Amino acid sequence: MAKKASSSSKSTEGSASGEKQPFVWTRKDLLGLDELSAEEIVHILDTAESFREVSTRSIKKVPALRGKVVALMFFEDSTRTRMSFELAASRLSADTMIFTSKGSSVAKGETTLDTIRNVEAMGVDVFIIRHSQPGAPHMVSRKIEASIINAGDGAHEHPTQALLDIFTMRQRLGGVAGKRVAIVGDIAHSRVARSNILGLRKLGAEVVVVGPPTMVPSAIKAMGCEISHSLDDVLGEVDAINMLRIQFERFGGNLFPSLREYSKVYGLNTERLARCPKDVLVMHPGPINRGVEITSDVADGPNSCILQQVTNGLAIRMAVLYLVTQAHGPAEQT
Amino acid sequence: MNDLLITDGRVIDPASGLDEVTNVAIADGQITRVGQVHPKSRRTIDAAGMIVCPGLIDVHVHCREPGHEEEETIDTAAAAAVAGGFTTICAMPNTHPPMDDETSINYVIQRARQADLARVLPVGCITKRREGKELAEMSLMTEAGAVAFSDDGDGVANSSIMQRAMQYARMLDVVLMQHCQDPDLAGGHMNSGAIAVRLGLAGIAVAGEEIMLRRDLELLERIGCRYHVQHVSSAGSVELLRQAKAEGLPVTAEAAPHHLLLTDAACMSYDPNYKMNPPLRSARDVEALREGVADGTIDCLATDHAPHSAEESELEFSLAPFGIISLECALALYVKALISSGAMDWPALIARMTVNAARIIGQPLGTLAVGAKADVTVIDPKRRWKVNVNKWQSRSRNCPYDGWRLTGRAIATIVSGQVKYEA
């Protein structure tokens, strides 16, 4: 009998016969790509593929989550991720509630867990959590029965962003295994970078992270990526470049001397694009700072897939919502 | 007539080098005889198969009183201490308000007397309000009964203030206990490294500890007061201490059970019970610490018992406070880390939990010498037991060892000749 890879043991539980069984999704939470097997990641991407078509219909709705309640808990600011999740839930016919709070909930006297418990008491099936503190969704998932989807936790993970990035690469590059992806920017503080590294490595891509040493901790190599401090050095051999947003609020933190310098050394412009392979894919998780990490002609040019990423985000989030609720069993279960 | 006779135990008194099966007699709160004697006694404890040793001492405990009595009080800390075999604990001054004057020192002494369990010896702040800006009234606090000084929780960052504190400590012949951490390199939540990067948590590099230790050793070389390094966490610090001791500097150090047993890999779960300051480090650091304790570079063992309320344990890792409780299982944790691992034997472990600690704080404790205060701990070295924090005396429950199966525990704790705890 063929040995099953240990990383996929969770998803193959119950198929002890070892023969080809249909893939069964078992997770009620999506906390990060760290705990997912390659098989699970591919399953999400394939599920998203089937949901992509829904958005092309004249009536853009399916009843998959009818009667389910999805609570969007945004303890940290977000516009696009929140709208994308909200629309994804609506397209699946779920009822949605939105909670937003700025700053630390502790400062307001209520803990994250208390806030969630209060909302859960209204009867919630899925919590989508965006939080400034890494591990917040993980902490909540230990105490809460409902499904938890991580919509970004501090500098830790942003799994749906990485999934939509990988989905887009798969679409545009015809696959990700063996491809080389550069992620450029403040890697140290980027959850997008971490989830992308984890997901891409699991699917067999090479990843090189690029930025000054103040933004690229050397220990990130343990996640399976390479490090470069020179964008110019990596341009010639990449299939995709993911440009991270430079956060102005970090400007005072001694991470880099000036925006001007950063932009000159690490910004993607037409000259640098010309040194890349012709079909290189230019990506950005948004919102973009035109003229800082990326120039307008590159962001809006033919290599860019920035808006396609946003479109794909919807399908990915529909797929994730669908899968985590299916893991509970049939919808009519009470 | 004696008050208490402890018979047929393996009596280990590292201060005198004694290690034999014999009896210990106690009267009027003092050790009266050690040897094959059977004087008349009001009470006898049969210690056959047990270890009988000087009462255990922990120089690093957070009693939280005054200010956070919902987390711990001097009473509950002292109860936890005797339940763990400790007859003496030092109370750290990061209370609210901080213990930075004689009134607060007197308060702790008075509350400890009322609790009447373990000895609770107050440690005063080095600087007023623990702000690191002005020296606290060290002379007056010493007169009131402070046995040491520390701004624990923070290191004294200002080199000029630290220099003056050392000058005062030298004049008063008291020990300064430093929490070595450069504040400019602090601000993180766990050890710097691959796991912190993966978890997206800000790191606390070993450099922050070693930089302050190096500076203090420079000052110490020039001033020469009694200087003690709290909860050493890094292999680099152990090496710095080893060199400093070789050079004859008057430096001592402690290690905490969690730094001898756990690594930063435990933080992968984001469980705040693994959030410590200094943080859990790498396996290499754990190994170096065990070696340091074994070869005497690290003089004593101290829990850094740090109670926090349940509310605080339900926070996100980065928002949760640092520290865990362990007074009631510390002995067994040391057994696991140091004896079961083969690093040392029982007499060596007991030396690090008794006389070595007593010498650091300059107290005539930690010995079974005739005439000494009758602080005695009886240990069952083979007792296997399971940690259940819900049964503990401590008022808090923040402990990563809940459910652990451990070996060795105190079965009787005697303070000044009185049995304060019996299992």
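## Sheet, helix packing and chain contact in a predicted model

In chain A, helix α6 (residues 159–173) lies across β8 and β9, and its direction makes about 160° with that of β9(A). Helix α7 (residues 191–202) of chain A also packs on the sheet, where it touches β5, β6 (206–210) and β8 of chain A and runs at about 160° to β6(A). The model described here is a predicted one, and the account below starts with the sheet that carries these helices.

That sheet is open and has five strands, which follow the order β7-β6-β5-β8-β9 in chain A and pair in parallel. Its edges are formed by β7 (226–228) and β9 (281–283) of chain A, each of which pairs on one side only. On average, and with direction ignored, neighbouring strands of the sheet are turned by 20° against each other. Within the sheet, β5 (residues 180–184) and β8 (residues 240–243) of chain A are joined in the parallel sense over four bridges, and V184(A) is found opposite M243(A) of β8(A).

Chain A as a whole contains twelve helices and nine strands. Of its 334 residues, 46% are buried. Among the contacts in chain A with a separation of 6 or more, 73% are between residues 24 or more positions apart.

Two helix pairs, one in each chain, can be set side by side.

| Helix pair | Helix residues | Axes come within | Crossing angle |
|---|---|---|---|
| α4(A) and α5(A) | 112–120 and 136–143 | 10 Å | roughly 50° |
| α4(B) and α6(B) | 159–172 and 206–223 | 10 Å | roughly 40° |

For the pair in chain A, the crossing at roughly 50° makes α4(A) oblique to α5(A), and α4(A) passes α5(A) in a right-handed crossing. The residues that make this contact are T112(A), L113(A) and I116(A) on α4(A), together with A136(A), V140(A) and K143(A) on α5(A). By class, the residues of the contact of α4(A) with α5(A) comprise four nonpolar, one polar and one charged.

In chain B, the axes of α4(B) and α6(B) cross at roughly 40°, and the two helices are therefore oblique to each other. The crossing in which α4(B) passes α6(B) is right-handed. On the side of α4(B), the contact involves S159(B), M162(B), Q163(B), M166(B), Q167(B) and R170(B), and these meet R215(B), D216(B), L219(B), L220(B) and I223(B) of α6(B). The residues of this contact between α4(B) and α6(B) divide into five nonpolar, three polar and three charged.

The two chains also touch each other, in a contact to which chain A gives 20 residues and chain B gives 14 residues. On the chain B side, the residues that touch chain A are eight nonpolar, three polar and three charged.

A last point concerns a single loop residue of chain A. R66(A) is placed in the loop that lies between α2 (38–52) and β1 (69–74) of chain A. R66(A) counts as exposed because 12 C-beta neighbours lie inside 10 Å, the limit for an exposed residue being 12 or fewer. Between the C-alpha atoms of R66(A) and L259(A), which are 193 residues apart along the chain, the separation is 48 Å.

How values were computed:
Residues are numbered from 1 along each chain as its sequence is written. Chains are lettered from A and ligands numbered from 1 in the order in which they are written. This is a predicted model: local features need pLDDT of at least 70, side-chain atom pairs count only at pLDDT 80 or more; totals for chains, interfaces and linings use all residues. A residue is buried if 20 or more other C-beta atoms lie within 10 Å of its own, exposed if 12 or fewer, and partly exposed in between; C-beta atoms are placed from the backbone. Two strands pair if DSSP finds at least two bridges between them. Axes are lines fitted to C-alpha atoms, for helices over the stretch in contact, and angles run from 0 to 180 degrees between N-to-C directions. Two residues are in contact if their C-beta atoms, placed from the backbone, lie within 7 Å. Angles under 35 degrees count as roughly parallel, over 145 as roughly antiparallel, 65 to 115 as roughly perpendicular and the rest as oblique. A crossing is left-handed if the near helix is turned anticlockwise from the far one by less than a right angle, and right-handed if clockwise. Ala, Val, Leu, Ile, Met, Phe, Trp, Tyr, Cys and Pro count as nonpolar, Asp, Glu, Lys and Arg as charged, and the others, Gly among them, as polar.
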